[in-house]
Amino acid sequence: MIKIDTSIYRVKLFQKGYSRQKCDKCGSYFWSLKKRDNCGDAPCTIYTFFNIPIKRRYTYREVHRLFLDFFRRNGHEVVEPRPVVARWREDLYLTIASIVVFQPHVTSGITPPPANPLVIAQPCIRLEDIDNVGMTFGRHLTNFVMGGHHAFNYPDKFIYWTDETVDYAKRFFVEEIGVPEDELTFKESWWEGGGNAGPCFEVSVGGLELATLVFMMYRVEDGRYSEIPIKIVDTGYGIERIAWLTQKTPTAFHAVYGSLVTEFHRILNIPEPPEDMLRVAAIFSAMLRPGEESDIDELFRLVANELGTSFKEVKELIKPAIDVYALLDHTKTIALMLSDGIVPSNSGEGYLARLVIRRTLRRLHRLASIDLLPELIMRQISYWHDMYPQLYKAKDRILDMINIELEKYRDVIRKISTVATKFSRRAPSLDDLILLYDSQGIPPDLLKDELEKRYGIVVKVPMNFYSIVASKHSRPRVLKETEKTRLPQDIVAWASSFPETRRLFHEDAYIRRFTAKVLGVNENFIILDATAFYPEGGGQLGDKGYLEINGRRIHVVDTQKVGNVIVHVLESPLSKEVEGQKVVGEVDWSIRYKRMRHHTATHIVLGAIRRVLGDHVWQAGAEKSEEKARLDVTHYKMPSEDEIEKIERLANTIVDNAIPVRIHYLPRNEAEKIYGFALYQGGVPMYPIIRVVEIPEWDAEACFGTHVRNTSEVGAIKIINVEKIADGIIRFEFVASTSIPSYVRKLEAELNSIAKQLNTDRFTVRNKLSSLLNSMNELREILRSYRAYFIDQALKEISHNAIDIEGLKLAIYIPYVRDRETYREVLRRATLRDPKLVLILLTQEDRHTYFEISLGSEAVKVLNAKDIITAAISAGIALRGGGKPDHVSGITELDIEHFSDALKKLIISKLRKQN
RNA sequence: GGGCCGGUAGCUCAGCCUGGAAGAGCGCUCGGUUGGCAUCCGAGAGGUCCCGGGUUCAAAUCCCGGCCGGUCCA
């Protein structure tokens with residue numbers, strides 16, 4: 001934070017009897033009508049709001065309405081809330097605050113706000129404090145509605161600033177909610193987030209922070225602060241907390257979830273704690289410091305003291321109730337995330353959904369049964385259907401996804417029992433536990449329970465286990481993939497100094513030949529004042545073709561863009577002298593036209609997939625080349641053959657219907673209003689005006705690419721491959737138009753070459769193959785009997801040739817078939833049959849002799865095969881090898897005859913020495 | 001996006017650290033035992049140790065690259 005002029009906190013309201021005071025506990029400065037010891041915010045105080053008289057009780061929904069109405073009456077336009085998945089942001093997955101709705105386009109000045117000033121009640125999801133939810137009786141939640149009134153002050157247009165903002169807060173709380181004014185405290189503070197910062201007030205009543213009033217006025221870059229031209233009033237009112245304040249229920253969960261609290265208790269078969277106990281606990285819960293888990297026991301102790309009961313009784317009643325509160329919160333968050341189109345996955349935003357689901361299942365598993373999850377979610381869906389109609393609409397899909405996640409979790413539970421047997425003797429170390437959680441998702445507490453139950457083994461799981469795990473992971477930036485250029489750094493810098501290139505391909509996608517002026521040349525990169533060459537973007541590759549300069553023809557091998565400047569990549573460097581001259585360019589039309597058709601085909605296919613699989617389908621990546629198109633989408637399971645066929649058929653219907661493709665330019669706010677955020681399938685453009693490519697009543701996307709005029713030009717669409725590339729992401733590959741024959745030709749060529757290898761034609765290849773397989777099986781049978789016969793003969797030969805030496809038998813075996821599997825079998829059987837046998841196998845290989853020596857079980861007692869090798873080496877024989885006492889193998893430079901003689905001598909002398 | 005774990009018989013997995021003749025249980029086939037319910041005994045079939053390179057006399061095992069699955073973190 002930077003040193004700021006604290007006079008910004010001296011707003012007009014405070015002249016009416018407020019005084020600036022310092023908190024005894026945290027040392028912060030705050031403003032209040034009344035003299036106080038502390039800042040009035042948890043954890044500096046316990047909750048006293050239960051004793052503050054408030055005009056009346058308001059339900060959660062009433063507070064919601066009251067908030068919007070108050071600011072509407074005071075000149076703010078009500079703006080519709082957005083999904084909890086931040087589709088319009090490249091750098092954030094979830095909507096974590098109301099201001100997120102206006103970042104970065106409005107806050108950076110690219111787009112005007114939809115209204116100014118405005119008010120919004122934005123559902124938000126924040127997962128940072130997920131472990132504290134429940135424990136703090138509702139101070140922490142993973143989902144909440146942030147009421148925000150915002151004003152954007154431009155240098156030439158001032159709306160309002162600190163005085164009015166603080167005054168609105170006072171009036172809302174005092175006049176609308178009915179809080180006695182002397183109970184309000186305004187704490188001076190500092191806010192930072194999302195690259196912006198500014199001073200703020202935290203508004204509290206009786207220990208409960210109800211609103212934050214931020215005056216966003218700095219940009220933060222590398223720790224440096226600079227003032228921004230747009231000064232933004234960014235406020236956040238906690239609708240849940242305000243409802244809690246007026247209702248004075250023991251917890252915020254009672255105020256928000258009403259009858260669901262009792263329902264959840266009943267379904268989970270967990271008794272509700274007596275209200276007086278709960279209330280005492282709630283009052284002290286203000287002092288809980290999140291993250292300090294020992295605090296929770298301290299809380300139970302305080303409550304037990306206050307009520308004169310035992311610690312044990314308090315803990316046994318309150319602890320399970322805390323779990324119920326967490327489940328109330330988590331199940332609603334899950335429903336919201338899934339209904340807004342998140343698909344659970346092991347990476348990307350889908351992981352965030354899985355994270356909440358896994359935490360919920362872990363708790364359910366410990367408390368009751370994971371099978372209850374679908375029912376709990378269903379209760380949330382029906383309880384909230386008035387505020388969130390999308391929940392009910394997505395009901396079937398939500399349950400489908402939940403059931404898939406349940407099945408995955410059951411796998412984990414099954415794994416626990418397998419893993420537990422590994423630790424039947426030895427308790428797992430901390431490292432073991434971390435490895436198991438990290439790599440297999442096995443929660444340590446569940447393994448601990450299993451081991452204690454089954455083997456009585458005591459396992460210690462440290463309190464801060466999960467933070468130990470988290471600290472083991474590196475943390476790269478939270479950025480989604482941003483558009484990257486394939487140009488060298490210095491070329492990017494060079495190119496950005498040029499004016500915007502006129503985009504002829506947008507004026508008319510069918511322009512192939514054009515005239516333009518050369519603005520700049522740098523080695524083999526060239527920039528023109530206008531071009532019909534499409535630069536890579538939106539998954540469509542950069543154009544190829546050629547430029548004619550002074551009668552010379554130079555190939556363009558690629559086209560890229562740097563901001564609004566288009567850079568042509570030439571095959572060879574060009575002299576700077578051509579700058580200022582006229583050139584004629586021609587786009588390689590055969591490639592470009594195929595790409596255009598694949599691009600339009602991609603929009604058609606996406607529309608078809610969304611209709612067949614559902615609205616949760618979102619583009620996760622795409623590439624369009626001349627030979628095929630690739631489209632990755634979010635979906636929770638592999639589509640069936642049926643669904644794929646349906647998609648293909650539907651897509652081709654759109655082609656056959658010959659629908660004109662419309663392209664229009666719309667201001668961002670208007671485009672979003674008409675088409676929704678589904679516009680941003682391929683990414684979010686950073687422009688005030690959006691280029692919308694629309695296939696009427698089928699698909700509309702913000703898109704930079706070139707498209708055909710009419711869907712019929714796509715010709716036809718053939719899906720050629722569908723695969724799961726990550727959990728929750730399905731890849732579709734398809735070909736369109738005149739690329740289909742080349743695809744078919746490739747298939748034919750493949751089939752023909754197979755047929756040719758099988759010495760047949762492609763129509764009889766199947767028969768040929770099955771007859772080949774048959775004869776292979778027959779041969780295998782015949783081979784088996786030959787091997788048996790061969791082994792039998794070899795065994796006879798060996799026992800016939802074996803000579804007696806010093807109480808053992810020695811045989812040399814030189815197989816005349818090169819079949820390792822067979823002569824290994826000979827070695828094994830021979831030594832098994834005759835325990836006194838020492839069997840030497842020798843074969844001649846390219847440049848050396850390969851040998852194996854096998855000993856029977858009796859022979860091993862007097863002779864070690866490894867010793868034979870060492871003895872041979874010390875006798876000067878060049879050989880390399882090794883093995884076990886009863887079997888060695890190796891190679892030698894000696895030929896078979898000399899080597900076998902030498903070995904024989906060595907073995908005999910060795911045995912003699914021993915006797 | 002990054003880290004970690006795994007891929008061996010139809011299934012569940014051991015073996016890998018420390019290289020040396022591919023294993024167990026279940027299932028399957030056959031024979032016996034048993035009135036039946038996960039009966040018992042014996043015999044047998046079943047393998048691209050994920051794929052491709054490398055190191056080595058020798059690779060399921062060690063090294064490199066890839067594919068597939070899982071999982072954690074952002």
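## Exercises on a predicted model with RNA strand B

In this predicted model, the surface near RNA strand B has nine nonpolar, 15 polar and 14 charged residues.

**Exercise 1.** Find which residues come nearest to RNA strand B, and which part of the strand the protein meets.

*Solution.*
Step 1. There are 38 residues around RNA strand B; the nearest are Y351, D438, S854, R880 and K884.
Step 2. Take the atoms of RNA strand B that come within 4 Å of the protein: 56% of them belong to sugar and phosphate.
Step 3. Assign the residues to elements. At least two residues of this surface come from each of α9 (349-367), α12 (395-422), α13 (430-440), α23 (820-833), β29 (879-884) and β30 (887-892).

**Exercise 2.** Give one polar contact of RNA strand B at a base, one at a phosphate and one at a sugar or linking oxygen.

*Solution.*
Step 1. For the base, a nitrogen lies 3.0 Å from a backbone N or O atom of N346.
Step 2. For the phosphate, an oxygen is 3.0 Å from a side-chain N or O atom of R358.
Step 3. For the sugar or linking oxygen, the partner is a polar backbone atom of G441, at 3.1 Å.

**Exercise 3.** Decide whether C200 is in a disulfide, and whether C200 and C703 are buried or exposed.

*Solution.*
Step 1. The whole structure contains zero disulfides.
Step 2. For C200, the nearest cysteine sulfur belongs to C39 and is 12 Å away, whereas a disulfide needs two cysteine sulfur atoms within 2.5 Å, so C200 is in no disulfide.
Step 3. Buried means under 20% relative accessible area. C200 has 2% relative accessibility, so C200 is buried.
Step 4. C703 has 11%, so C703 also counts as buried.

Notes
Residues are numbered from 1 along each chain as its sequence is written. Chains are lettered from A and ligands numbered from 1 in the order in which they are written. This is a predicted model: local features need pLDDT of at least 70, side-chain atom pairs count only at pLDDT 80 or more; totals for chains, interfaces and linings use all residues. Side-chain values use heavy atoms; hydrogens and water are left out. A residue is near a molecule or strand if one of its heavy atoms lies within 4 Å of it. A polar contact is a pair of N or O atoms within 3.5 Å; within protein, one must be able to donate a hydrogen and the other to accept it, and residues adjacent in sequence count only if both atoms are side-chain atoms. Helices (H or I, at least four residues) and strands (E, at least two) are DSSP runs, numbered from the N terminus. Ala, Val, Leu, Ile, Met, Phe, Trp, Tyr, Cys and Pro count as nonpolar, Asp, Glu, Lys and Arg as charged, and the others, Gly among them, as polar. Buried means under 20% relative accessible area, exposed over 50%, partly exposed in between (1.4 Å probe, protein chains only).
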